[in-house]
Amino acid sequence: MMKVIGITGPTGAGKTSALLLMQEMDGVDWRTIDCDDVYHRLLRDDENLRRDLTDQFGDEILDEDGNVDRKKLAGQVFGSPGALEKLDAVTSPYIVKEVDRLIGEAEADGADMVAIDAVALFESGLADRCHYTIAVSAPDEERLKRIMEREGISEEYARSRMDAQHDNMWYWKNCDFVLMNDKNEEKFGERGKTLFEYVAELAPKHAEEEA
């Protein structure tokens, strides 16, 4: 039976790096689903999602070609908890539907394991699809540095992105395992491979218990 693993944690913690470690494991056919990639693709391609977003946030989130401008949308959302909740309410059903399709596709292909990378793993309900969940965590100042370098944004904007999400402790309390990602990439790689090998050997749980 294919096993589904949820990877979550705050922005800048290193979830993408964790997925890359999984893909390097020998003897296990891992498939990965990056919900950020799913979201960005849906923003670009799904006309129904675009319509629902403009109904909620107005045409000012669109660029001159009529496509959703992610920076304009983010400018309305980050720093406003109520707006972020509205955004999640609109986008989550689309993302979950596409993730379910990708999980089914991986299972049909005979994959051993699927890893779902999602900041809102629990809020979206995707954690219910997972047999185990892993929180990728990093010190706040290290996360801040990574976000600024990765996206080329100001410290103020990066902090607003961080403040809009749960803190590390929330993820630690809700996940089955925690993977620390500090400044030492070599140690992170060793920790990650050890944890993923361990999880790969565990009997599936959680998802079956709730089925």
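A polar contact here is a pair of N or O atoms within 3.5 Å, where one must be able to donate a hydrogen and the other to accept it. Keep that in mind as we walk through this predicted model, beginning at helix α4, which spans residues 70-77. Right at the start of α4, a side-chain oxygen of D69 comes to within 3.0 Å of the backbone nitrogen of K71.

Now look along the helix itself. L73, A74 and V77 are buried. They sit on the same side of α4, because they cover an arc of only 100° around the axis. The general rule behind this is that an α-helix has 3.6 residues a turn, so residues three or four places apart point the same way. Flip to the other side of α4 and you'll find K71 and G75, which are exposed.

So what do the buried residues of α4 pack against? Their partners are α2 (35-45), α3 (47-57), α5 (81-108) and α7 (155-163). Take L73 as a close-up: leaving aside residues up to four places away in sequence, L73 touches Y39, L53, F57, I61, V68 and L87.

Zoom out, and L73 turns up again in the largest nonpolar core, a set of 35 residues. Along with L53 and I116, L73 is among those with the most contacts inside that core. Two or more residues each come from α2, α3, α4, α5 and β3 (113-117), and α5 gives the largest share, 11 residues. There's also a second, separate core of 20 residues, with M25, M113, Y132 and F188 among them.

How values were computed: Residues numbered from 1 in each chain as written. Predicted model: local features only at pLDDT ≥ 70, side-chain atom pairs only at ≥ 80, totals over all residues. Heavy atoms only, no water. Buried < 20%, exposed > 50% of the residue type's maximum accessible area, 1.4 Å probe, protein only. Helix = DSSP H or I, 4+ residues; strand = E, 2+ residues; numbered from the N terminus. Arc of directions from axis to C-beta. Contact = heavy atoms within 4.5 Å. Core = buried A, V, L, I, M, F, W, Y, C linked by side-chain atoms within 4.5 Å.
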